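Visitor: I would like a close look at one part of this model, taken slowly and with the surroundings kept in view.

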Amino acid sequence: MDTRERFLKTWNYESVDRVPDFEFGYWDECYEVWRQQGLPDGLNNIWDLERYFGFEYYHTITINSGICPGFESKVLEVIGDHQIVQGGDGVIYEESLTSRSIPKYIKFPIETRDDWKRFRDEQLNPDTVGRVPDNIDEIVAYHKDRDYPLGVWCGSLYGMLRNWMGVENISIAIGLDRDWVEEMIEHITELSLKMLSKVMGKIEFDFGNWWEDMCFNHGPLVSPAFFNEVMVPRYKRITSYLAEYGVKYHVLDCDGNITKLVPGWLDAGINVMFPVESAHTDQAALRKEYGKQVRFMGGVNKMQLIKGKEAIDEEIQRIAKLMEDGGFIPHVDHRCPPDVTLENYRYYIKKKRELIGRTD
């Protein structure tokens, strides 16, 4: 079987020779740290490392259902060992020049209804040139005869909006001016549908690719009631449209504890949970609750890779039980941090490949 066949049969709970051997990527610091531990020179990005380690891969054709055009990225002010920056998404924040840390957010491009109107008309206009690559036909032709899975970018209904407003601002707006938030989500939904219409029918896609990041370690950033009433019906409009073109699987990227949102996503046709951070989400409990309605990609606790070989063996034994039911492609449950030594990472790859039966 090739990777595409394995991918589709795994999601369909059919027999496979083995599941695909994917991974999720690496913190930027991994490259330098691992070079000091024996990684060859010249491996400087995720693609270099994935080729080096021999992982299989999937592709996504990206159409821009977010900001277009973006804002100018620029440094506004330097204050000692910190700087004030405007990012490409229009967010103004303060960051350290000497250490990696969470930025301090100062101002967001959407804070009032008037901000939204300008943002909608200037940054979220579906007719703006550049949302679909000029060479889309060449891109499609490149992927036509493939042996790997191909997805289409479906975007986000909450995650991007949260980035443009900030968690506090959007949470207050949901509580005090829900109609406004629903108006924004409706615009994003229509924008996504219009962008998808530019590429659907040009090629057969294997899955829809989504990003939300709307949960923290204890649960969702919005109430399940708001999620089910406002977001789920709009997800359904997009998944139903893609179903007309044969797309049955939708992979959704959300960190944190996703448990309370999974039933809504499943109802909406979003049926592959990723990367399933095991410190926060009980994958076994979700499998018990939803059976073969739900699929998983990820789920390997990155913290166990830090601890060493014995902990890695324990983690492989844990996910072995989850794999017995099918519908699960295991890999690290987020990007691999530099705390994982190169030796431990190699050992993890070896043990995971033994588990999935990869011998080549």
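Visitor: Which residue in E6 is the bridge partner of His59? Please go on from there to the sheet around this pair and the helices that pack on it.

Guide: This is a predicted model, and within it the bridge partner of His59 in E6 is Leu150. The two strands concerned, E1 and strand E6, the latter made up of residues 150-155, pair in the parallel sense over 3 bridges. They belong to an open sheet of 7 strands with parallel pairing, whose order reads E1-E6-E7-E10-E11-E12-E13. The edges of this sheet are formed by strand E1 (59-61) and strand E13 (328-332), each of which pairs on one side only, while neighbouring strands of the sheet are turned by 30° against each other on average, direction ignored.

As for the helices, helix H9 (residues 224-243) lies across E6, strand E7 (207-211) and strand E10 (250-253), and runs at about 155° to E7. Helix H14 (residues 342-356) also packs on the sheet, where it touches strand E12 (295-300) and E13, and the direction of H14 makes about 175° with that of E13.

Within helix H14 lies Asn344, which counts as buried because its relative accessible area is 10%, where buried means under 20%. If residues up to four places away in sequence are not counted, Asn344 touches Leu305, Ile306, Gly308, Lys309 and Ile312.

How values were computed
Residues numbered from 1 in each chain as written. Predicted model: local features only at pLDDT ≥ 70, side-chain atom pairs only at ≥ 80, totals over all residues. Heavy atoms only, no water. Pairing = 2+ DSSP bridges. Helix = DSSP H or I, 4+ residues; strand = E, 2+ residues; numbered from the N terminus. Axes fitted to C-alpha atoms, helices over the stretch in contact; angles between N-to-C directions. Contact = heavy atoms within 4.5 Å. Buried < 20%, exposed > 50% of the residue type's maximum accessible area, 1.4 Å probe, protein only.
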